[in-house]
Amino acid sequence: MSGQIRRPEEIASGGGVREFRTDVLVLGGGPAGTWAAISAAQRGASVILADKGFCGTSGATAPSGTGVWYVQPDPAKREAAMASRELLGGYLQDRRWMARTLNQTFENVDQLARWGYPFHDDGVGFQRYGSVMGPEYMRLMRKRTKQAGVKILDHSPALELLQDEDGAVVGASGLFQQAGERWNVHAGAVILATGGCAFLSKALGCNVLTGDGLLMGAEVGAELSGMEFSNAYAMSLAEGSVTKTRFYDFAEFTDANGDPIPGAQSKGGRSVIARWLMSGPVYASLINVDPETQQAMRRAQPNFFLPLDRSGINPFTDRFSVTLRLEGTVRGTGGLRLVDESCATSVEGLYAAGDAATRELICGAFTGGGSHNAAWAMSSGYWAGAGAASYARTRRVLAQPSKVIRAGKAALIEQSQRGYDPLAVTQAVQDEVFPYDRNYFRSELGLKHSLERLDRLWRKVESADKASVLHVAQSRQAAAMVATARWMYRSALERDESRGMARRVDRPQQDPGPRYYVRSGGLSEVWTRRDLQQPEARVLEAAE
Amino acid sequence: MIEVIDKERCTGCNICVHACPTNVFDTTADIPVIARQGDCQTCYMCEAWCPEDALYVAPNADKAVSVDLAALKAGDVIGSYRRAIGWS
Ligand SMILES: Cc1cc2nc3c(=O)[nH]c(=O)nc-3n(C[C@H](O)[C@H](O)[C@H](O)COP(=O)(O)OP(=O)(O)OC[C@H]3O[C@@H](n4cnc5c(N)ncnc54)[C@H](O)[C@@H]3O)c2cc1C
Ligand code: SF4
Ligand code: SF4
């Protein structure tokens with residue numbers, strides 16, 4: 001640790017509120033948030049990182065582990081890596097962002113190795129630089145974040161952003177969950193790294209991911225992009241939480257009688273499984289795996305086997321019942337729109353990284369799970385940290401902003417209607433987004449019906465009185481999920497075709513016309529807009 | 001979901017109270033308690049971080065189940081995740 005680190009300051013406390021001042025405030029402490037915090041600190045910024053849970057265990061990566069889009073800097077290999085998913089992604093990727101993500105990820109993974117991450121080659125291809133164990137990776141990231149001089153606030157969900165009179169974001173306000181106190185952080189720039197939204201489905205590590213950053217962003221007018229790419233479902237043991245899908249590539253899927261289900265596959269045949277699950281159980285068994293490979297699989301993903309072992313199931317010989325849990329935008333690609341290479345959003349002073357941001361730039365319309373999202377989280381985090389640090393430097397002269405405006409609305413302001421029950425609202429949203437026939441298999445009519453109910457739900461949320469300190473975090477989560485579901489379904493309607501994961505049963509074809517992105521935003525009134533893909537971003541279909 | 005804190009093994013270090021992402025545990029004057037089991041997301045992180053192998057997370061994510069602590073200890077099931085990731 002160097003002695004020259006700029007530190008955040010606590011400037012006041014009392015009456016159940018603590019006030020801090022820092023150059024950069026990072027919200028969320030998964031891979032995107034920790035890389036952002038370290039990158040900002042390396043550039044001389046004082047940094048506070050606030051996490052809803054515990055930085056190091058919280059978020060999708062920590063309990064899961066990830067494959068990483070790590071490709072040697074050999075032009076032919078890089079070209080092949082970029083080209084390989086363009087068709088799947090419906091050609092919505094941007095080559096410029098793919099190339100810089102590959103570069104940055106390569107550097108960051110090397111950095112991890114230098115920091116002592118225990119990469120090793122298992123000889124069978126399941127481990128190497130191309131994958132990280134979640135607990136180990138995120139424990140290391142917590143340590144390096146602290147060593148960089150970053151002040152970490154755990155169990156400290158952000159509730160709303162703070163703005164100055166010109167609309168620039170100048171901090172955030174949140175809750176010390178375990179102490180029941182409030183915090184305000186005044187910052188030169190804020191990075192939203194709050195992850196995606198999985199609607200409390202209990203997919204592995206995802207119950208802290210409720211779209212909070214999307215709501216906070218939308219409340220200051222930030223734009224979203226690609227919210228139709230938000231119906232990722234991942235497989236787990238029927239009653240389990242471990243949605244690790246890679247080893248299901250070895251699975252044979254059978255029905256209640258033990259007969260193979262035609263066309264059922266984890267990759268390329270997951271919709272068949274979803275259809276089957278609507279009428280009955282689906283069983284999996286990992287077949288034709290030799291003992292040596294079985295051992296390598298156990299070493300590579302101990303968490304895949306954990307619930308199976310504990311349920312007394314041998315996945316290589318037994319048939320076990322599986323389900324598909326919604327991972328929403330976590331392994332989807334929609335999120336806050338970025339306007340430049342520093343990962344700035346459309347609002348001054350506000351940056352976004354990781355799953356809180358759109359990943360269309362590198363994944364297009366297809367899931368970012370499997371390697372791209374992890375690469376994106378570390379790369380976009382790194383860029384956002386740098387961008388926020390240099391922007392914050394320009395704001396340092398303004399020691400105290402003249403007037404701070406609280407941007408949060410739902411569950412945060414006094415109103416005449418009674419406060420809502422966050423559990424009931426959560427249940428109501430889940431009823432719209434969990435069922436396969438509503439979200440996996442979307443149709444114009446189904447989307448419109450869901451939206452009518454969701455809009456009604458939002459009107460209730462938006463006119464309700466502020467929540468007590470005991471319920472405010474849950475109430476904000478519930479509001480964020482309602483808002484997210486509305487952007488998802490409005491965007492799905494706007495995209496009048498099927499592309500990548502955004503399938504419409506009533507529009508099964510990909511539109512051959514000019515390619516566009518669906519932007520969205522707004523709360524009382526949700527809006528959508530089509531932006532044509534810029535010619536320079538366009539990837540060559542000939543590359544397939 | 002999280003099912004047990006083993007009173008015999010737990011030292012009251014409170015690491016689990018901090019490490020649980022969904023704030024399931026509360027501190028007490030003695031060892032922590034499972035205060036909000038319904039908020040457990042079955043992520044197994046508390047098990048990974050507990051230095052004493054004093055916690056057990058059952059594989060069922062959707063409802064609480066009863067577990068036999070003595071059998072889990074006898075079969076070395078409690079602590080098995082920490083061993084599998086090389087943390088013990
Ligand atoms: C089971 C599973 C397996 C996966 N496997 C792969 C893979 O193999 N390859 C791949 O590329 N991707 C994979 N993914 C996706 C990958 O895990 C995510 O893309 C990645 O974790 C994103 O990093 P992040 O930092 O943006 O978000 P997260 O890691 O989810 O972290 C977000 C953080 O924000 C915090 N937060 C949320 N709300 C607030 C708030 N209001 N205030 C403060 N903090 C808040 C959360 O507590 C959390 O710590 C997988 C996902 C899952 C669920
Ligand atoms: S981490 Fe383990 S030893 Fe420490 S308080 Fe929790 S259960 Fe007890
Ligand atoms: S399994 Fe995860 S959510 Fe449940 S108590 Fe342990 S750390 Fe908390």
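Here are three short exercises on this predicted model, each with a worked solution.

**Exercise 1.** Find out which side chains pair with A:Glu360 through polar contacts.

*Solution.* Start by placing the residue: A:Glu360 sits in helix α10, residues 360-363 of chain A. Next, look for a partner of opposite charge. The nearest such side chain, A:Arg519, is 4.6 Å away, and a salt bridge needs a distance within 4 Å, so the buried A:Glu360 has none. Then turn to polar contacts: the side chain of A:Glu360 is joined to that of A:Ser225 at 2.7 Å, and to that of A:Thr358 at 2.7 Å.

**Exercise 2.** Decide whether A:Arg85 is buried or exposed, and place it in the chain.

*Solution.* First, locate A:Arg85 in the loop between α3 (75-83) and α4 (95-114) of chain A. Now take its relative accessibility, 16%. Buried means under 20%, so A:Arg85 counts as buried. Finally, check its surroundings: leaving aside neighbours within four places in sequence, its contacts include A:Gln93, A:Phe366 and A:His372. A:Gly364 is 279 residues away in sequence, yet the C-alpha atoms are 8.8 Å apart.

**Exercise 3.** Describe the interface of chain A and chain B.

*Solution.* Begin with the residues: 33 from chain A are in contact with 30 from chain B. For the area, about 2500 Å² is buried, with carbon and sulfur atoms giving 57%. Then go through the pairings: there are three salt bridges across the interface, and one joins A:Arg310 and B:Glu47 at 2.6 Å, N to O. Polar contacts link 17 residue pairs. Last, ask which element gives most to chain A's side: α9(A) has the largest share, five residues.

Notes. Residues are numbered from 1 along each chain as its sequence is written. Chains are lettered from A and ligands numbered from 1 in the order in which they are written. This is a predicted model: local features need pLDDT of at least 70, side-chain atom pairs count only at pLDDT 80 or more; totals for chains, interfaces and linings use all residues. Side-chain values use heavy atoms; hydrogens and water are left out. Helices (H or I, at least four residues) and strands (E, at least two) are DSSP runs, numbered from the N terminus. Buried means under 20% relative accessible area, exposed over 50%, partly exposed in between (1.4 Å probe, protein chains only). Lys and Arg count as positive and Asp and Glu as negative; His and the chain ends are not counted. A polar contact is a pair of N or O atoms within 3.5 Å; within protein, one must be able to donate a hydrogen and the other to accept it, and residues adjacent in sequence count only if both atoms are side-chain atoms. Contact means heavy atoms within 4.5 Å. Buried area is the accessible area (1.4 Å probe) that two parts lose on being put together, summed over both.
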